[in-house]
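Me: I'm new to this structure and would like a close look at one part of it. Could you pick a spot where charged side chains come together and walk me through it, then work outwards from there?

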Amino acid sequence: MLTLVLLLVGGAATGCGGRATTHHKPGTSHEQATGSVGTLLDAQDPTGHRLREVPAEGAPEVQLAARPDSEDGWNLQLTVKNFRFTPDSTGGAALPGAGHAHLELDGQKLARLYGPWFHLPAAQVPEGAHTLTVRLYADDHTAWAVTGKPIEGTAQLTAAAPGQAGHSHTLPSAQPSPSPPSSPSPEAQADRTVTLTVRDGKVTPAPGRTELRRGERIALRVTSDRADTLHVHGYDKELALPAGQEATLVLTADRTGLFEVETHESRLVLTQLLVR
C-alpha cells in the first residue's frame, strides 16, 4: 500500500512522460481558482478568466515594448516587477507574484508567454495600426487584478504593407527600417522542416519522432482547421494557429532530451522532438 501511494504522488507531480504538466487539473475548468492568494472576484477579464484581486502595494506590474526584428516581425519584451514566470507549475494553485502572461493583438489572443521575450512574426500581424496587450495570470489561470482591473501592459504597433518593414511606435522617435529585398523565409533558416496538418481532431502525418542533433534549427509548419495554440514542451515556445492558415515556428534545439509538441485547446500531440 505504501508503495502504491508513493507511485501515485510521483505521477501527479510529474505528469505524463516524467515532465511537469502544463495543463489545469483534471475536473476543473480553465479559469477555476485553486489557491487562496488574494480575493477571487466574480468579475472576469475580457477573455472570460476570473479576476484575482491583490492589494496595490506589492502587486505584480508589467510593461510591454516592441522592437522591429532585422529579419522578420518584432521582438517583444515584458518588463515585470513583483512577478516571476513559473512555466513548470502552470495548472497548479495560485502563488503570490507568480504565473504566466497572455499576448493579445487587438483583443484576440495570440499566445501564452512563459518568459520576458517573445518573437512576433510579421505574418501574424495584418497591415495597419494595432494594439498589443500582455496580461498577467496566476498558475490557476485566474487574472491578477488591482482595484477590479486586470494587471496588463500595452504597446502600439504598426504593420506596413507587404514588401515593407513593419515597425513599432512604442518610441515616438522610432523610424521604420527597410527590410532586405530578398529576406529569407523562416524555413530557409532551418536545418529541418516538419509539415503537419490538424483536421477533424486528427494529425497528419501520424505523430512520430523527429530526431535532431543539438544545435540544429527546426521549422514546424502547422495548419489547423480550428484556432489553437502550438506548444513545445521543455522549450516553452508557443505559436498561435489561426484557423485554416499555415503558421511556422522556428527554434534551435539547444537542449537534449525528448520534447512533445502539442496543441493547447485540442490537446493533440503533433510530434516528439528527440534531441541528442
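**A charged network and its surroundings**

Reply: Let's start with two residues: Arg-135 and Asp-45 are both buried. Buried here means under 20% relative accessible area, exposed means over 50%, and partly exposed is anything in between, with a 1.4 Å probe and protein chains only. Before going on, bear in mind that this is a predicted model, where local features need pLDDT of at least 70 and side-chain atom pairs count only at pLDDT 80 or more, while totals for chains, interfaces and linings use all residues. Residues are numbered from 1 along each chain as its sequence is written, and side-chain values use heavy atoms, with hydrogens and water left out.

Back to our pair. Arg-135 and Asp-45 form a salt bridge, with 3.7 Å between the closest N and O atoms. The two come from distant parts of the chain: Arg-135 sits in strand S9 (residues 128–137), Asp-45 in the loop between strand S1 (39–44) and strand S2 (50–53), and 90 residues separate them. A salt bridge, by the rule used here, is a side-chain nitrogen of Lys or Arg within 4 Å of a carboxyl oxygen of Asp or Glu. Helices (H or I, at least four residues) and strands (E, at least two) are DSSP runs, numbered from the N terminus.

Arg-135 also forms a salt bridge with Glu-104, and there the closest N and O atoms are 2.8 Å apart. Glu-104 belongs to strand S6 (residues 98–105), so to speak another distant part of the chain, 31 residues away from Arg-135 in strand S9. Glu-104 is buried, just as Arg-135 is. Step back a little and you get a network of salt bridges linking Asp-45, Glu-104, Arg-135 and Glu-152.

What does Leu-51 touch? Leaving aside residues up to four places away in sequence, its list includes Asp-45, along with Thr-39, Leu-40, Ala-143 and Pro-150, among others. Contact means heavy atoms within 4.5 Å. Leu-51 lies in strand S2, and at 1% relative accessibility it counts as buried. Leu-51 and Ala-143 are 92 residues apart in sequence, yet their C-alpha atoms are 4.7 Å apart in space.

Now for the wider view. Searching the whole structure turns up 8 salt bridges. One of them joins the side chains of Arg-221 and Glu-246, at 3.0 Å from N to O. Arg-221 is in strand S17 (residues 217–224) and Glu-246 in strand S20 (residues 246–252), so this pair ties together parts that are 25 residues apart in sequence. Here the surroundings read another way: Arg-221 counts as partly exposed at 25% relative accessibility, and Glu-246 counts as partly exposed at 44%.

Next, the strands. An open sheet of 5 strands runs in the order S16-S22-S21-S18-S19, with mixed pairing. Strand S16 (209–212) and strand S19 (237–241) are at the edges with a single partner strand each, so one side of each has no neighbour in the sheet. Two strands pair if DSSP finds at least two bridges between them. Inside this sheet, strand S18 (residues 228–232) pairs with strand S21 (residues 257–263) in the antiparallel sense, over 3 bridges. Leu-230 stands opposite Thr-263 in S21.

There are aromatic rings to look at too, with 2 aromatic pairs in the whole structure. The rings of Tyr-235 and Phe-259 have centres 4.9 Å apart and planes at 70 degrees, so this pair is edge-to-face. Tyr-235 is in the loop between S18 and S19, while Phe-259 is in strand S21, so the pair ties together parts 24 residues apart in sequence. Rings of Phe, Tyr and Trp (its six-membered ring) pair if their centres lie within 6.5 Å; planes under 30 degrees apart count as stacked, over 60 as edge-to-face, and the rest as tilted. Tyr-235 is buried, with a relative accessible area of 8%, and Phe-259 counts as buried at 11%.

Finally, the whole chain: it has 1 helix and 22 strands, and buried residues make up 41% of its 276 residues. Among contacts with a separation of 6 or more, 60% are between residues 24 or more positions apart.
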